[in-house]
Amino acid sequence: MNKEQRDEVFNQAKEWIYEAGKEIRDQIHAPLVIDTKSNPNDLVTTMDKATEEFFTKKIKDTFPHHFILSEEGYGDNLKSMNGTVWIIDPIDGTMNFVHQKRNFAISIGIYYDGVGEIGFIYNVMEDILYSAKKGEGVYKNNDKLPKLRQNIPFNETMLSLNHFWLCENRLVDEKVMQKLVKDVRGARTYGSAALEFAYVAEGIIDTYLTLSLSPWDYAAGIVIVNEVGGVTTTVDGDTINMLHKSSVITGNRSIQQTILNDYVKKARK
């Protein structure tokens with residue numbers, strides 16, 4: 001994707017994100033039909049579906065040769081990342097959307113032949129847009145974010161992780177992960193993977209790790225974190241496959257290997 005093409009797609013996607021966000025804010029207190037998917041805590045609402053349908057129609061009408069990978073079933077059945085692929089989560093943090101009416105985001109990553117070209121994470125209720133174009137850095141609304149600081153003392157690290165890491169489970173030794181939480185300065189969880197990526201890019205948390213995310217949860221975040229000098233891999237340190245669910249660790253390069261080698265790898269069962 002050349003710069004002219006990237007700019008065209010970026011500007012159009014940005015316009016649609018603001019339009020979709022306004023509709024969500026206008027309807028935030030309207031009655032919702034809430035269903036469950038894989039389990040009782042995996043929620044989907046009429047707003048998730050309507051927002052994804054909005055983006056799908058806009059993309060197909062404007063860029064008919066582009067492909068869509070999305071959460072709620074309006075996208076394409078993709079076997080590869082060839083061509084231009086929009087990876088969309090219409091509302092990331094649906095549980096927050098339902099229960100809190102805040103702390104959720106529209107997340108869109110746009111890839112060309114498997115390379116992340118554009119990333120958007122839109123904190124809808126606070127009207128804050130994190131955006132990135134490959135090679136041009138990250139912006140929080142109109143302010144460019146600095147590169148991530150280096151050489152962070154480990155005991156000053158701010159960590160974000162789901163509480164399941166700290167409970168008895170079949171994947172990791174929770175006692176090792178509890179030690180990690182004690183060894184860093186603090187641990188947080190926000191309930192929206194997209195926002196946690198954005199906060200890593202902003203430098204207000206240093207690392208985010210999770211046992212399982214889908215591509216629409218992390219596609220935009222990878223582009224955005226890359227642009228401030230961060231790194232994103234599986235919790236085994238491998239490259240993430242953009243078409244499949246994956247464990248994820250994203251964050252500051254200066255502490256990534258310490259977390260992987262001294263804690264996560266030791267904890268794996």
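These are my notebook entries on a predicted model, written for someone meeting the structure for the first time.

**Entry 1: the five-stranded sheet**

I began with an open sheet of five strands, and I read its order as S11-S10-S12-S14-S13, with mixed pairing. Two strands stand at its edges, S11 (186-188) and S13 (231-233). Each of these has a single partner strand, so one side of each is left without a neighbour in the sheet. I also looked up the turn between neighbouring strands here, which is 15 degrees on average, direction ignored.

Next I followed one pair inside this sheet. Strand S12 (residues 207-213) pairs with strand S14 (residues 246-251) in the antiparallel sense, over five bridges. One partnership I noted is that of Leu-209, whose bridge partner in S14 is Ile-249. A helix packs on the sheet too: H7 (residues 253-267) touches S10 (158-161), S12, S13 and S14. The direction of H7 makes about 135 degrees with that of S14.

**Entry 2: a stop at Tyr-208**

Is Tyr-208 buried or exposed? I found it at 4% relative accessibility; buried means under 20%, so Tyr-208 counts as buried. Tyr-208 belongs to strand S12. I then listed its contacts, leaving aside neighbours within four places in sequence; among them are Ser-160, Phe-197, Val-200, Val-248 and Ile-249. Tyr-208 and Ile-249 are 41 residues apart in sequence, yet their C-alpha atoms are 5.7 Å apart in space.

**Entry 3: S5, S6 and S7**

I moved on to strand S6 (residues 115-123) and its two antiparallel partners. S5 is joined to S6 by eight bridges, and S6 is joined to S7 by six. Across the first pair, Tyr-111 stands opposite Gly-116 in S6. Across the second, Gly-119 has Ala-132 in S7 as its bridge partner.

Both pairs are hairpins, so I checked the turns, citing each in its own note.

- The hairpin of S5 and S6 has two residues between the strands, and Asp-113 takes a positive phi near 50 degrees there.
- The hairpin of S6 and S7 has four residues between the strands, and Asp-127 in the turn has a positive phi of about 55 degrees.

Why do I call S6 largely enclosed by the rest of the structure? Seven of its nine residues are buried, so that description fits.

**Entry 4: the nonpolar cores**

I looked for the largest nonpolar core and found 38 residues in it. Those with the most contacts inside this core are Ile-87, Tyr-111, Ile-121, Tyr-130, Phe-197, Tyr-218 and Met-242. The elements that give two or more residues to it are strands S4 (84-92), S5 (105-112), S7 (128-133) and S12, with helices H5 (193-202) and H6 (215-227). Another core lies apart from it, with 27 residues, including Phe-10, Phe-55, Ile-88 and Phe-104. As a general note to myself, nonpolar side chains tend to be buried together in soluble globular proteins.

I picked out Ile-87 to see what surrounds it. Not counting residues up to four places away in sequence, Ile-87 touches, among others, Leu-69, Met-81, Tyr-111, Trp-216, Ala-219 and Met-242.

From there I went to Ala-219, which is found in helix H6. Ala-219 counts as buried, at 0% relative accessibility. Beyond its neighbours within four places in sequence, Ala-219 is in contact with Ile-87, Gly-109, Tyr-111 and Met-242. I also compared positions along the chain: Ala-219 and Val-231 are twelve residues apart, with 13 Å between their C-alpha atoms.

**Entry 5: a pocket**

Which residues lie nearest the centre of the second largest pocket? I noted Tyr-111, Ile-222, Asn-226, Thr-232 and Met-242, out of 15 lining residues. About 270 Å³ of space lies in this pocket. H6 and S13 are the elements that give two or more residues to the lining. The largest share, four residues, comes from H6.

**Entry 6: two asparagines in loops**

Last, I looked up two residues with positive phi that are not glycine. Asn-141 has a phi of about 55 degrees and lies in the loop between strands S8 (138-140) and S9 (143-144). Its relative accessible area is 33%, so I wrote it down as partly exposed. Asn-151 has a phi near 55 degrees and lies in the loop between S9 and S10. Asn-151 is exposed, with a relative accessible area of 71%.

Technical notes:
Residues are numbered from 1 along each chain as its sequence is written. This is a predicted model: local features need pLDDT of at least 70, side-chain atom pairs count only at pLDDT 80 or more; totals for chains, interfaces and linings use all residues. Side-chain values use heavy atoms; hydrogens and water are left out. Two strands pair if DSSP finds at least two bridges between them. Axes are lines fitted to C-alpha atoms, for helices over the stretch in contact, and angles run from 0 to 180 degrees between N-to-C directions. Contact means heavy atoms within 4.5 Å. A nonpolar core is a set of buried Ala, Val, Leu, Ile, Met, Phe, Trp, Tyr and Cys residues joined through side-chain atoms within 4.5 Å. Buried means under 20% relative accessible area, exposed over 50%, partly exposed in between (1.4 Å probe, protein chains only). On a 1 Å grid over the protein atoms alone, a cavity is a set of points where a 1.4 Å probe fits but cannot get out, and a pocket is an open set with protein on both sides within 12 Å along at least five of seven lines; lining residues have an atom within 4 Å of a point. Grid points are joined across faces, edges and corners, and a volume is the space filled by probe spheres set on the points.
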